[in-house]
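Trainee: Could you take one close look with me at how the parts touch each other here? I would like each term explained as it comes up.

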Amino acid sequence: MLVDLRILRFDPERDEKPHWDTYSVESGPMDRVLDLLHQVKWEEDGTLTFRRSCAHGVCGSDAMLINGRNRLACKVRVDQLGRRVSVAPLPGMRVIKDLVVDMEPFFDQYKSVKPFLVNEEPEPERERLQSPKERARYDDTTKCILCAACTTACPSFWAQPSFVGPAAIVNAHRFIFDSRDHASEERLEILADEDGVWRCRTIFNCTDACPRGIHITQAILEVSNAVVERRG
Amino acid sequence: MTVPERQVHEFPAVIVGAGGAGLWAALELAREGIDTAVLTKLYPTRSHTGAAQGGICAALGNHEEDHWEWHMFDTVKGGDYLVDQDAAEVLAREAIETVLELEHMGLPFNRTPDGKIDQRRFGGHTRNFGEAPVRRSCFAADRTGHMILQTLYQQCIKFGVRFFDEYHVVDLIIEGGETRGVVAYRIADGEMHVFRSPAVLLATGGFGRMFRITSNAHALTGDGPALAYRHGIPLEDMEFYQFHPTGIVGIGILLSEAARGEGGYLRNDAGERFMEKYAPKLMELGPRDVISRAMYLEVREGRGIGGGDYVHLDLTHLGRAVIEAKLPDITEFARVYQGIEPITQPVPVQPTAHYAMGGIPTDVMARVVIDEKNTALPGLYAAGECACVSVHGANRLGTNSLIDILVFGRRAGRDMARHVRRNGVPDVPADVAEPVRAELEALRTRPVGENPNHIRAELASVMMDECGVFRTGTSLVRAYNVVCDLKDRYRRAQVQDRGRVFNTDLLEARELGYLLDCAEATVMSAMARTESRGGHYREDYPQRDDTEWLQHSLAYRTEGRPEMRYKPVSITHFEPKPRTY
């Protein structure tokens with residue numbers, strides 16, 4: 001199938017502003033958008049720039065705006081998009097070049113919620129016990145691959161980039177509801193801030209965008225409820 | 001030309017690569033209060049450790065009796081007796097404390113009903129020295145590697161490890177017989193950065209991208225091994241490359257061995273569970289080399305599905321509940337990448353290039369050793385897939401890669417801590433980055449030349465076809481000639497992107513040079529070894545030959561053909577025996 005592939009291009013060494021380039025590429029039956037990008041880069045225009053690594057949806061490198069939705073280029077089959085495919089960088093982020101955006105602010109927000117287990121009790125000889133039920137409580141949010149598809153799909157984040165964003169809240173959730181963790185209070189304090197959970201307007205864009213199928217809006221609501229309960 | 005002062009950094013310890021091995025080493029150093037820099041050409045959470053699915057082995061015995069000695073035996077036998085048994089003992093013993101420490105760091109393992117770490121079966125792991133499968137693989141659904149990577153990165157944040165994300169290491173600094181640091185290219189702006197350090201750990205992962213069908217990430221281009229090789233360090237056991245049996249047809253994405261650990265079957269066109277013929281005792285839980293060869297033989301004899309070059313992985317009898325609870329990710333892979341519903345349909349699979357048993361030779365402290373006498377190169381370390389310690393010998397068992405990267409990453413960190421206490425930050429010549437800067441500039445500005453992507457595609461094809469699951473002297477000579485020709489053409493390759501900002505065209509071309517070096521060592525080592533053992537199968541020499549070949553190969557770079565030398569295998573517990581399953 002012959003596909004019209006439109007890509008929003010920007011080279012800071014040559015361009016004053018971004019512009020669309022269109023490529024006509026042949027797509028095989030199971031090809032993904034990443035395959036088309038490679039085809040252009042390797043055969044037509046070596047300057048086309050994007051991040052990618054694992055190419056099967058687990059490393060989170062190649063999140064981008066594909067036909068108007070944030071998705072992983074390696075996980076979207078072209079036959080599900082049709083003959084017109086448009087690709088642009090993640091919205092709301094500073095573009096470095098073509099589809100590559102500055103991820104530093106995103107990782108800073110992630111780091112701000114203490115995304116690590118805190119448990120200062122002496123370590124037991126064997127594993128800490130955790131029932132399957134306790135383990136299941138936070139299972140969904142362990143799936144996050146930090147691709148930024150959710151945060152950069154969020155209108156609240158677009159309007160207010162200081163909003164900590166869905167991804168950071170998901171990673172806070174992963175620890176707040178882990179029975180082994182002792183720092184929930186501190187995380188809830190951080191997320192009770194004006195740039196914390198209250199900026200969520202339950203628009204569900206994050207949940208739609210997540211390539212891992214995490215119920216993000218649900219997770220944010222659970223954290224919001226925990227913030228409220230804490231205030232008692 | 002000298003690098004500006006603001007681009008020269010000093011660190012007691014530098015780690016190249018942010019997968020499991022690099023991150024655990026960094027954590028050991030950081031906990032000791034040693035300022036540690038981790039350089040990665042990606043972001044840490046993009047590292048390929050995160051793609052590991054099925055589990056991490058340790059003889060915890062949470063379900064049934066198990067002992068580290070059994071794990072050690074399985075590892076040695078799985079590796080067709082080329083495993084260094086002193087290293088396998090370290091692996092199997094320290095696996096237990098390492099997995100428990102991971103749990104203490106917060107790793108969300110699946111749990112048994114009484115709250116312990118859950119364990120499942122995996123290929124080649126047995127009770128009582130080969131009697132029957134044992135539940136040894138500790139897991140977090142089928143995203144164990146993802147959870148390991150996340151957990152270690154989280155802990156590194158907690159302990160203040162310094163990350164240099166998207167810094168591509170392009171040279172090692174080795175002067176006067178000792179390690180003095182690395183040179184890195186900052187991807188964001190193309191500036192060269194020099195990191196002076198007395199201790200450098202290479203933890204750059206594998207080089208599966210030299211093969212056409214591979215489970216490996218695009219980033220896995222053998223950077224660490226190739227840089228070591230260019231500095232006169234040999235590459236060990238490069239002829240041993242693992243092809244995992246269950247890759248998605250055509251694109252090689254992995255469907256975890258956990259699918260068979262949970263009870264999945266392999267079937268040929270007649271619907272037969274053909275492993276009955278090849279490994280009657282362990283069946284689908286035989287080691288990977290045995291199963292991949294069996295699949296090729298079935299296909300060659302016309303029993304591939306519809307006469308094609310693949311077989312079926314059948315999970316349909318497991319039921320929706322087991323598949324969705326324990327194998328959610330690979331189920332999704334089949335749906336997304338093949339349009340197959342594994343709950344009701346068998347999944348087409350074929351072997352995929354997966355794991356390098358060989359690599360940079362090290363001792364059990366992860367120190368790089370450079371000759372047949374295991375002489376260490378002071379300050380240089382290697383751990384993880386880029387290293388060869390050798391715990392995998394001629395064939396790695398499933399789940400042993402995750403435990404290898406952690407056990408030896410941990411040991412590397414601890415030994416580096418000792419080393420940096422005795423050694424200050426070394427001097428380096430002012431123009432130390434000049435040779436590699438000049439190489440990159442030449443590549444970036446060459447006015448005409450061949451598209452390097454065509455060279456990469458030809459390399460991947462010849463390696464798959466002539467140096468894959470089955471090899472012969474003739475096929476290897478063909479592969480060697482092609483690799484030499486490609487190396488020659490590579491010297492005249494031209495990139496299109498002339499920019500300095502985020503020039504991935506340039507870096508992919510640089511990576512191709514690393515792949516060519518790794519391929520040269522692989523093919524040469526395979527040509528020289530006239531026997532079959534583990535993952536190296538020579539149709540013209542189908543038997544294992546312990547009299548001649550119970551030894552590790554070392555390939556040294558020269559101006560012409562690589563020079564081959566050999567060193568003995570450490571045998572402490574288990575004498576080599578015929579390997580049947």
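Mentor: A polar contact is a pair of N or O atoms within 3.5 Å; within protein, one of them must be able to donate a hydrogen and the other to accept it, and residues adjacent in sequence count only if both atoms are side-chain atoms. This is a predicted model, in which local features need pLDDT of at least 70 and side-chain atom pairs count only at pLDDT 80 or more, while totals for chains, interfaces and linings use all residues. Residues are numbered from 1 along each chain as its sequence is written, chains are lettered from A and ligands numbered from 1 in the order in which they are written, and side-chain values use heavy atoms, with hydrogens and water left out.

Let us begin inside chain A, where the domain assignment (automatic or from a database) gives domain 1 (2–101) and domain 2 (104–231). Their C-alpha centres lie 29 Å apart, and each of the two domains brings 13 residues to the contact, where contact means heavy atoms within 4.5 Å. Putting these domains together buries about 1000 Å², of which carbon and sulfur atoms give 60%; buried area is the accessible area (1.4 Å probe) that two parts lose on being put together, summed over both. On the side of domain 1 of chain A, N70(A), P91(A) and M93(A) lose the most area to domain 2 of chain A, together 38% of what that side buries. Between the two domains there are four residue pairs in polar contact, both residues being at pLDDT 80 or more, but zero salt bridges, a salt bridge being a side-chain nitrogen of Lys or Arg within 4 Å of a carboxyl oxygen of Asp or Glu. Strand β4 (residues 69–72) of chain A gives the most to the side of domain 1 that touches domain 2, with three residues; strands are DSSP runs of E, at least two residues, and helices are runs of H or I, at least four, numbered from the N terminus.

If we now turn to the interface of chain B and chain A, 65 residues of chain B are in contact with 67 residues of chain A, and the area buried is about 5400 Å², of which carbon and sulfur atoms give 49%. R46(B), H104(B) and H218(B) supply 14% of the area that chain B buries against chain A, more than any other three residues. Here the rule finds seven salt bridges, and R51(A) and E166(B) meet in a salt bridge at 2.6 Å, N to O.
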